[in-house]
Amino acid sequence: MKKTNVVVGGGIAGIVTAYYLAKAGKPVILLEKSKDLGGLLRSKNIEGNYFDYGTHILRESGVDELDKFLFDGLNLKKFDYLKYGTYNTGLFEGNGFLTDQALSDQNKKLALEELITISKGYNVGNPSSLEDQLINEFGEKYTQLLVNPVIKKLFFHESSALSPNAHLLFGLSRLIVSTPDETKKLKANSYLDAKLAYHSSKEVLSAVKALYPTKGGVGVWIDNLEKKLLNLGVKIIKGEEFKIDGDKKSIQSLITELDVYDIESLYWTVPPIFLFFELGLEKPKSKPPQRLSSIIVDLVFEGDYLTDLYYFQVYDPNLASFRVTCYDNYNPENGSNSNLKRISVEFLSADLEIDRVKFEVLAKSELIAMEIVQSTVVLKIVNVDVVKGGFPIPTPEFRDATNLMVDEIKSIENLQLFGKASGRVWFMNDVLMEIHNHFSA
């Protein structure tokens, strides 16, 4: 029987992996457990209005061959820069990093002086927790007064209970401090340049553009990629049960509901624990990770946004929402009714049971409290999506258990881990480059 290459996971990592394999003339099967490819890179059409499962504005990779596969064949809007910001006691519209605007003038001064002192003798060290890392990199005052309250809001854990680098998941790698002119001077120092962000995203324009389909939502992009894979001869299996047969030495076969395939190589792009289940391997002895659920509340209203931002992070510890998307600011052709504006509010929750009504009320009240809409508008809830337990809390125990699993299976001779499975990269473009570099080596 002819051997085939199997890619598990129909998110963007799996899609791009399948593309490179097919382009090289190899037989490929792409497996996705749900009925659609893309994961959260999907769209909902509700009464003629498109909403995405979260904020997903695309970005070119800068690799011509890869970008041709990703974006050719679509009508796309290109943005010189993204209009995104943050909210923390007030809306900051210049850039999407955490600002010091919530601090008193005295604390702003003391925290910045401490950071400047750190920049003169920085020692990387080996932090045991996220809190150690933050204090080491930003200083104790910025950490305790500014960053830690945001960490507690987003992860429902103190930073002392989280793994290093957990803050990168929510864009907390840099701070916006002081004044625009002072920031430019401070960024002449290479250390401070890596820790401070400009007050305006216009100051960091790139040849690599942000993109979004002119009609439909981000799901249009995924549908286009699926068609390209089919044209390349990729066999796509969605929504079916399957089994992977193998051991610690090699992967032998794929068993689906209709057939059995001999495997040449297996490319795994979902969390490694699922491969342990498939192969019957003994998992590391640790507690199951605590998981957060995400809740996305989609609304429409008649009137105008009170901001021209495309989206913004809500870092305010006194508010429950963590991100707001104003679709019609960057894609006004996306709705069937030009009088209606679309908006999504995202939340994270540690609750085992999700009270949808609670989050509907919060979405409406917080949009008004943040002055994103007029207090007099009628906000109509059109949809509430709940993704239960989709976000594991990155504690040291979870990190160590994941690393142990990766170490145990990475020696399997015909197995390659990408994306979430590899544990090496965090963001979409980093995942794309990881895959591109592997196949281009």
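Colleague: How many of the 12 residues of strand 16 are buried?

Modeller: In this predicted model, 10 of the 12 are buried, so strand 16 is largely enclosed by the rest of the structure. A useful general idea to keep in mind is that side chains in a regular strand alternate between the two faces of the sheet. For the case at hand, strand 16 covers residues 291–302.

Colleague: Which strands does strand 16 pair with, and in what sense?

Modeller: Let's take its partners in turn. With strand 19, strand 16 runs antiparallel, and 10 bridges join them. Val300 stands opposite Arg342 there. With strand 20, the pairing is also antiparallel, over 9 bridges. If you want a spot to look at in the viewer, find Leu292, whose bridge partner in strand 20 is Phe391.

Colleague: What is the order of the strands in the sheet?

Modeller: Read across the open sheet of 7 strands, the order is 8-7-17-18-19-16-20, and the pairing is mixed. Strand 8 (91–92) and strand 20 (380–392) stand at the edges with a single partner strand each, so each has one side without a neighbour in the sheet.

Colleague: How do strand 17 and strand 18 pair, over how many bridges?

Modeller: Strand 17 spans residues 311–314 and strand 18 spans residues 321–326; their pairing is antiparallel, with 3 bridges. Phe312 has Val324 of strand 18 as its bridge partner.

Colleague: Which strands does helix 10 lie across?

Modeller: Helix 10, residues 356–369, lies across strand 7 (84–87), strand 16, strand 18, strand 19 (340–349) and strand 20. Its direction is at about 120 degrees to strand 19.

Colleague: Let's turn to another strand. Which strands pair with strand 15?

Modeller: Strand 15 (residues 260–268) pairs with strand 1 (residues 4–8) in the parallel sense, over 5 bridges. In that pairing, Val8 is matched with Trp268. Strand 21 (residues 415–417) also runs parallel to strand 15, and 3 bridges join the two. Leu266 has Leu415 of strand 21 as its bridge partner. Strand 14 (residues 251–256), on the other hand, pairs with strand 15 in the antiparallel sense over 3 bridges. Ile255 has Val260 as its bridge partner, and a hairpin of 3 residues joins strand 14 to strand 15.

Colleague: Now the helices. How should I read a pair of packed ones?

Modeller: In general, two packed helices are described by the angle between their axes and the distance between the axes. Here, take helix 1 (residues 12–23) and helix 12 (residues 428–440): their axes come within 10 Å and cross at roughly 20 degrees. Angles under 35 degrees count as roughly parallel, so helix 1 is roughly parallel to helix 12. Their crossing is right-handed.

Colleague: Which residues make the contact between helix 1 and helix 12?

Modeller: Helix 1 contributes Ile12, Ala13, Val16, Thr17, Tyr20 and Leu21. From helix 12 come Met428, Val431, Leu432, Ile435, His436 and Phe439. By type, the contact residues divide into 10 nonpolar, 2 polar and no charged.

Colleague: Is Tyr19 buried or exposed?

Modeller: Tyr19, which lies in helix 1, has a relative accessibility of 8% and therefore counts as buried. Setting aside neighbours within four places in sequence, Tyr19 is in contact with Glu65, Phe69, Leu229 and Leu232. You can also compare sequence with space: Tyr19 and Glu226 are 207 residues apart in sequence, while their C-alpha atoms are 9.8 Å apart.

Colleague: One last topic. How do I read a positive phi?

Modeller: As background, most residues other than glycine have a negative phi. Two residues in this model are worth a look on that score. Thr89 has a positive phi near 70 degrees, and Thr89 lies in the loop between strand 7 and strand 8. Phe156 also has a positive phi, about 60 degrees, although it is not a glycine. You will find Phe156 in the loop between helix 5 (140–155) and strand 10 (175–176).

Colleague: Is Thr89 exposed or buried, and what relative accessibility does Phe156 have?

Modeller: Thr89 is exposed, at a relative accessible area of 52%. Phe156 has 35% relative accessibility and counts as partly exposed.

Methods. Residues numbered from 1 in each chain as written. Predicted model: local features only at pLDDT ≥ 70, side-chain atom pairs only at ≥ 80, totals over all residues. Heavy atoms only, no water. Axes fitted to C-alpha atoms, helices over the stretch in contact; angles between N-to-C directions. Helix = DSSP H or I, 4+ residues; strand = E, 2+ residues; numbered from the N terminus. Parallel < 35°, antiparallel > 145°, perpendicular 65-115°, else oblique. Left-handed = near helix turned anticlockwise from the far one by under 90°. Contact = heavy atoms within 4.5 Å. Nonpolar A, V, L, I, M, F, W, Y, C, P; charged D, E, K, R; others polar. Pairing = 2+ DSSP bridges. Buried < 20%, exposed > 50% of the residue type's maximum accessible area, 1.4 Å probe, protein only.
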